[in-house]
Number of protein chains: 2
Amino acid sequence: MTTTSDRLPAAGADQAATGPTKPTPRVDVHGLSEQLLGRWPEWRRHARARSADPVFWKDESLSMAEHRERVLEQMRRLATEDEKHQVWLAFPERLGGGDAPGANLAGFEELVVADPSLQIKAGVQWGLFSSAILHLGTPDQQDRLLPGAMDLSVPGAFAMTEIGHGSDVASIGTTATYDPDTEEFVIHTPFRAAWKDYLGNAAAHATAATVFAQLITNGVNHGVHCFYVPVRDPETMEFLPGVSGEDDGLKGGLRGVDNGRLAFDHVRVPRTDLLARYGAVAADGTYSSPIDSPGRRFFTMLGSLVQGRVSLDGAASTASKLGLAIAVRYAAERRQFTSSSPVDETVLLDYATHRRRLFPRIAETYATHFAHDRLLDLFDDVFSGAKDTPENREDLETTAAALKATSTTFVLETLQECRVACGGAGFITSNRITSLHHDMDVYATFEGDNTVLLQLVAKRLVGDYAKELKGATSTPAGLARFVVDQAADAALHRTGLRRAGQAIVDAGDPRRAAGHLRDADTQRELLADRVATIVEDVAMALRPAQKADPATAARIFDENQVQLVEAAKAHADLLRWSAFTDALEQVADPGTRRVLTWLRDVFGLTLIERNLAWYLVNGRLSAQRARTVTSYVDRLLDRLRPHAVDLVDAWGYGPDHLRAVIASGVEAERQEEARAYYARQRADGSAPVSEKSLKKKRG
Amino acid sequence: MTTTSDRLPAAGADQAATGPTKPTPRVDVHGLSEQLLGRWPEWRRHARARSADPVFWKDESLSMAEHRERVLEQMRRLATEDEKHQVWLAFPERLGGGDAPGANLAGFEELVVADPSLQIKAGVQWGLFSSAILHLGTPDQQDRLLPGAMDLSVPGAFAMTEIGHGSDVASIGTTATYDPDTEEFVIHTPFRAAWKDYLGNAAAHATAATVFAQLITNGVNHGVHCFYVPVRDPETMEFLPGVSGEDDGLKGGLRGVDNGRLAFDHVRVPRTDLLARYGAVAADGTYSSPIDSPGRRFFTMLGSLVQGRVSLDGAASTASKLGLAIAVRYAAERRQFTSSSPVDETVLLDYATHRRRLFPRIAETYATHFAHDRLLDLFDDVFSGAKDTPENREDLETTAAALKATSTTFVLETLQECRVACGGAGFITSNRITSLHHDMDVYATFEGDNTVLLQLVAKRLVGDYAKELKGATSTPAGLARFVVDQAADAALHRTGLRRAGQAIVDAGDPRRAAGHLRDADTQRELLADRVATIVEDVAMALRPAQKADPATAARIFDENQVQLVEAAKAHADLLRWSAFTDALEQVADPGTRRVLTWLRDVFGLTLIERNLAWYLVNGRLSAQRARTVTSYVDRLLDRLRPHAVDLVDAWGYGPDHLRAVIASGVEAERQEEARAYYARQRADGSAPVSEKSLKKKRG
C-alpha cells in the first residue's frame, strides 16, 4: 500500500503538488528492475531471496562475541545447507564448483543486504582465503586444500596485510626461508611491525591461513609469495606451536567479523605448501617461476586476487541503493513546516534542498550500478578464461581500482547524507542507515586504500599516454598532431583515455562546442576532455622526473600527486557516465528511457558542476554557459520529482531488504491519524481558535 | 618522547626531509595553547583535567544498558562530588550557582572529550531541562524546581520534539488545556505523531520533564508553552498514571544516553506548573503575557534556549581537534611506500595528498575555534545581562545557528577524513576516531537541523537587507547607490552583511582588485562580496513572492531555497574567517603569528577555491588569477608541513584526552625496531640478496 503512495497513478494526481507541468512519462518499474538484474538474473534473485530471510539478517542487539558466532553460523548455512551453493560458483567444477566467476560475484555482492559482516566474513573465506589457494596454487594443491576451505571445515584467514604495511604489500616483513635439510619453509615474523593485522577470521575462527611472506632460498629473496599455514588446532582452537595472535577487538563497524593479528615464530611448513603456481622451490632450494620478471610476477599474483575489489564495488553500489531507498521513501511521506496547502505541511521531497541532497545521488548510484555491470563483464571475461588476455587483465585491474575507489567513497557520503536527510529518525538504529554507514566505512581503505588505488589508476593513464606518445614529436605542435592522429584512429577506442583523444578534436569544433549541455555528446566531450587534459598536463609535468636524481624526482612527483588523483577520479567519472549512457540503449520502454535520460543528464551535469571551475579556468565553458549548468540541473531535479520513488523501487529492494521502520509507510499512517483528529475537531467545532488569528480579527 | 618526534628542534633537522627551505619560524606551542584557552582559562583547565580522569572516560566495552548507568553515575559525580560545581555555573547565585553562563559553557563543552554521551546527557539535565525552568520559569518556580534539577535528585527530560515535528516546534500536537474547575492543566497527546521523541533521560532515568504543548484556555490556543510534569515515581521508577513511554533503543552513537518517547493521556498538572515567565494563566483561565505578539513570544521562549546550539558548536570544534590531533600525530610517524631515502619509507605527511586531506582542516578548525570564542562572548554578554539587548539576542541566535550548522557538519567530514587517513588503524575502536564520529553524527540534526538553521540565517540576512533597502530606490541604479552609501556609513559595521557592503566598494577599486590573494583584505573582499551578492540576488528574486498567491510564493521560494542556504554558508565562512583574522592580532610571538597567518591564508584560500566557479562566473576572479589559487594553497601547505604537530599540540589535548593507540608514539617505536633488525642483517651479512638486484647485476 504505502510503497505506491508516492508513485504516479494513471493520470498524475501527484502533479498538483509540484505545480502545473506537461504530461510526464512513467517509469516501467518492473521492466527496469528486470534490466537491473543484469547478466545473471537468477543468481541475483536467489541471493536477494536469501537476504530477505531473517536467519541471515544483522541482529543489532548482539554483543560483538555473539555477532561473530551468528555470522559463522550463517556461513555454515551458506556452505552446507544452501543446495544451490552460490558461494562455490567460482571454484572448479571438478571440486563441486561452477567455474562461473561472474555469477558468483553477482550473488555474493547481495550478501551486504543481509549483513555486511556476513559479506565480508564470507569474502574472507571464499573470496580471499580460498581464492588464494585457487589462483596461486597448482591443480594438486587445489585438489588437496580447496575442499576444506570451500565447505568451511577449515575456516581461514588471508594473512597479507601487516601492521607496518597496508597497501604496500611488496614491502612486508614476514619471511619464509627455505630449509633444504628438512624441505620446509620457516615462516617468521621478525619484528612487531611485521605482525599480520586486520585479518578476518584470525581473532577467533581460523584454523589455517594463506600467509604472504618474502620467499628466501639460497640467500636470495624472490619477493612476496603465499604459503598455506595451519594456525589453530581445530579441536581445541588453541594456536599451534609458534603461532600467536591478538584480537583487534571492537571496530567502527563489521562487528560480526573477528578481525585479528597473527605472528609466526619460526613456524615450519612443508615445501609443498608454498602455493606454487607462480613460483616454486625444488627440494634442493632452487627457485623457478613461469614469470621471469620479479615485478611482473608480483603484480600477476596480486592481480589474480582482484575479485575482492570488484565485489566491494558491487556491495558499495548496493548499500547506496539501500540508504537512498530508505531516505527517499521517507522523504516522499514526511511532511514538515507549513506550505501553500491549508491542511497539509510540505512533503520533504517538495523542498528544493531535499531534492538537491538526494536526487543527484540517485543518478550517481545508477551510474555506479551500470559501471559495475560492465566491470563484472570484464571480470567474467578474464576469469572464466573466455577473453583472458594480458590487456584485458590490465584493464580489469585499472577499472576495478578506479570504480572501487569511487563507489566506496561515494557510499559513505551518500549514507551520511541519507542519515541527515532523515533527521533524528535517521540516527535510530532501527532505521538502518547508521548501521550501514558504520559497516561500509572500512570499504574505503581495505582491499587497497582508495587514494593509493586512484594513484595506481593515474599512473596507468599517464603510462598509456607516454607509451602512445613515444615516437611522436615532443614539441607542442607535434603533440597536438599526435592527439589528432590518435583520435582519427578508430581502432584506438578501448580505454577511456583513448576515447578522450576523440573528445579533444570534437571540442575544437565550434558547432559542437556550442551544443546544448543536455546533449550527450557535449557531456561526453566535456568529461573526456577533462581526463585527457589533466593526464596530458601531469604527464608533461612528470617528464623531468625521469632524468632527475631521486630527491628531485620525489619532489616533482609530490608536486603532481594531487593532480594525479584528480586524473583518476575524472577517468572514473567518464567510465561511469559512459556506462550509464550505454545502458540507456538497452531500455525498451520509452517513458523509462526518457526519465533515465534525465537522470543521466543530472549525473553528467553534476559532474561538470562539481568541476565547473576547471572548465572555466581552462576555457572549456564560457561564464555564460557555466551559469546555466546549475539552473538546468535544478530544472531536471524538479522534473524527476514524481519519479523518485519509482527510481528507488526499481532497484528491487522490498521491506525485508530495507528493514527500516521509517521506510515502511508508518509515517503516512501517523499523518493520516493526525489529519483525522484535526478534521474531527473542525467538524464538531471543538477546535480552539488561535490567539494569532483572534488578534488579526480584532485588528 | 614521541610527541616531539616531529616537532622542529632548535635548528631544523626536519627540513632535510622536505628539501631545502628558508629558515622557518617556530610555533610557541605553550603560548598559543594559553591563548586558545580563551576567556575562562581556569574553567577550561578544570574541565580538561576532569576529562583526563578515567572515571569520566567512555568505556567502549559496555552494553547500551551498562553505558547508560555509567553515564548517570558520572553525572552524579558532576552534581555532587565536584566541589567546583562547574555544571551549576549558569544558575543563580542564590541557588548555589555562579550566574556565569559563558564560563559554564566553556567548561561544559570539554565534556565531549570524556564521552560525548556524558556531554549530551549532562546537556539534557543542566542545559535543557534545568535551563527551561531557569529561563521560562518565574523566580518562585526557579526556587521551587531548580534545586532538584541542579543536584540531579530529579533527573529530567526536555520534552519538546515530537515524532511528527522535529525542527518545526510551532506545529507540535501536544495540548495543555486549562481546567478552571480544578485549576489544572490537562496535558494530552492526541495522536501518535504527537508523541515526544528522541528525549534524553526519557527511556530510563527521568522522573520529571519540561513538556512543550499548545496552551489552550477558554477555547483559545495561545501557542507553545512549557510545563513541568512529573513522569515517573522516583521510588519505583514506574511511569505515573497517564504517562507512557518507549525506549528509542540503539542509536548510531551516544549509546550512553537513554533516549526515549513519552506520551500523555490527560495528565493533570497544577496551574502553577506552567513555566510562566512569558505567559501565565489566572485561576479563572485568563491568559496574560508580557509579550503581546504570539509570534515574538514564541521566538523569545525558544531563543532563551540558544545555549544548546552554542555548546554544540564548541563540542564540534573540540571533536574536530581530537580527530585531527590523532590523525596528524599518526601521519607524522607512519611511513609507507619507498621514498628517495635508501633506508626509510616516506612519512605520510610528506605526501601532498595527505597534506591536502588534513591541513586545510586544521586551518578550518582554528577558524571554528576562534569563531566559537566570539560566539561565547556574545552569549555571555546576553545571558549575563551585561549587554542584553534585543539586537544582541538576535545576533546571538543568528550567529549560533550559522556556526552550529557549519561546525557540526564540518566535524563529521573531518572525522571521516581522519579515519580514512589512518587506514585500517583508523577503523579500530581503540584508535577512537570512529567512536567520535558515531557520537557526533546526531549533532548535525539535533538542536535544529543544520539545513533548517541555515535557512533561518539566510532569512535573517535577506530580511536585514530588505530593511536596509527600505527607502532606497528599487531600481538597479538606486540599489547600487544604496550599497555604496551604506558602505560609507562607518556605523554600520555590526553584522557580517554590513561589512559585506564595504567589500563591494573595495572590489571596485582596481588597485585593490589586483592585490595578491595572500593579502588579507583581498580575501575579506572576496568572501564578503560573495555573501552580499548572493543575499542581494536572492532578495531580488524573492521580491515577487510578497505579492503572489501562496502557491506561486511557495514556488518562488522553492526555486531560491538552495541559494538561500548558500548565502548562509557564505555568511558563516566570512564570520569564521573574520574571527580567525581578528585573533591573529592577539598573537604576540612573531613566529607563531607568521605560521598562523599562513594557516589563515589556507583557510581563506580554500574557501575561495571551494567556490572558485562562483568567483569566475561572476567575474570576481580572472581565469588567470583563479589558476593561482590552488598552487598558492599547495605552497602554503608545504610551508606548514614542519608545523603540523605543533599546531595540533597547541590545542592542549594530551594522551589522556586523545586516548588513541596510534597517537601514542607506538608506530615510531615499531619502525625503530624494524630499522634495527634490517641494520643488524646488513651488519652481519645475513641479509638476503633480492632477486631483482641479482637480475640487474647479471643482465
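User: At what angle do α6 and α7 of chain B pack, and how far apart are their axes?
Analyst: This is a predicted model. In it, helix α6 (residues 116-136) of chain B packs against helix α7 (residues 139-150) of chain B at about 165°, and the axes are 9 Å apart.

User: Parallel or antiparallel, roughly?
Analyst: Angles over 145 degrees count as roughly antiparallel, so α6(B) and α7(B) are roughly antiparallel to each other.

User: And is the crossing left-handed or right-handed?
Analyst: Left-handed, for α6(B) and α7(B).

User: Which residues make that contact?
Analyst: From α6(B) you have B:Phe129, B:Ser130, B:Ile133 and B:Leu134. On the α7(B) side there are B:Gln141, B:Gln142, B:Leu145, B:Leu146, B:Ala149 and B:Met150. By type, the contact of α6(B) with α7(B) has seven nonpolar residues, three polar and no charged.

User: Over to chain A. How do α11 and α13 pack?
Analyst: Helix α11 (residues 390-421) of chain A and helix α13 (residues 433-440) of chain A pack at about 160°, with 9 Å between their axes. That angle makes α11(A) roughly antiparallel to α13(A). The crossing of these two, α11(A) and α13(A), is left-handed.

User: What does α13(A) bring to the contact, and what does α11(A) bring?
Analyst: α13(A) brings A:Ile433, A:Thr434, A:Leu436, A:His437 and A:Met440. α11(A) brings A:Val411, A:Leu412, A:Leu415, A:Gln416, A:Cys418 and A:Arg419.

User: How does the contact of α11(A) with α13(A) divide into nonpolar, polar and charged?
Analyst: Seven nonpolar, three polar and one charged in the contact of α11(A) with α13(A).

User: Sheets now. What's the strand order in the open three-stranded one in chain A?
Analyst: The order is β4-β8-β7 in chain A, and the pairing is antiparallel. At the edges sit β4 (196-199) and β7 (243-247) of chain A, each paired on one side only. Neighbouring strands of this sheet are turned by 25° against each other on average, direction ignored.

User: How many bridges join β7(A) to β8?
Analyst: Five bridges, between β7(A) and strand β8 (residues 260-264) of chain A, with the two running antiparallel. To pick one residue, A:Ser244 has A:Ala263 in β8(A) as its bridge partner.

User: Is there a strand pairing between chain A and chain B, and in which sense does β6 of chain A pair with β12 of chain B?
Analyst: Strand β6 (residues 220-230) of chain A pairs with strand β12 (residues 689-690) of chain B in the parallel sense, over two bridges. A:Val220 is bridged to B:Val689 of β12(B).

User: How many residues of each chain are in contact with the other?
Analyst: 80 residues of chain A are in contact with 79 residues of chain B. On the chain B side, helix α19 (residues 550-584) gives the most, with nine residues. The side of chain B that touches chain A divides into 35 nonpolar, 27 polar and 17 charged residues.

User: What ipTM and pTM does the complex get?
Analyst: The predictor gives the complex an ipTM of 0.91 and a pTM of 0.92.

User: And where does pLDDT stay under 50 in chain A?
Analyst: Over residues 1-5 of chain A, where the model has eight contacts beyond four places in sequence. Residues 7-20 of chain A also stay under 50, with 18 such contacts beyond four places in sequence. For chain A overall, the average pLDDT is 89, and 89% of the residues score at least 70.

Methods
Residues are numbered from 1 along each chain as its sequence is written. Chains are lettered from A and ligands numbered from 1 in the order in which they are written. This is a predicted model: local features need pLDDT of at least 70, side-chain atom pairs count only at pLDDT 80 or more; totals for chains, interfaces and linings use all residues. Two strands pair if DSSP finds at least two bridges between them. Helices (H or I, at least four residues) and strands (E, at least two) are DSSP runs, numbered from the N terminus. Axes are lines fitted to C-alpha atoms, for helices over the stretch in contact, and angles run from 0 to 180 degrees between N-to-C directions. pLDDT is the predictor's confidence in each residue, from 0 to 100. Two residues are in contact if their C-beta atoms, placed from the backbone, lie within 7 Å. Ala, Val, Leu, Ile, Met, Phe, Trp, Tyr, Cys and Pro count as nonpolar, Asp, Glu, Lys and Arg as charged, and the others, Gly among them, as polar. Angles under 35 degrees count as roughly parallel, over 145 as roughly antiparallel, 65 to 115 as roughly perpendicular and the rest as oblique. A crossing is left-handed if the near helix is turned anticlockwise from the far one by less than a right angle, and right-handed if clockwise.
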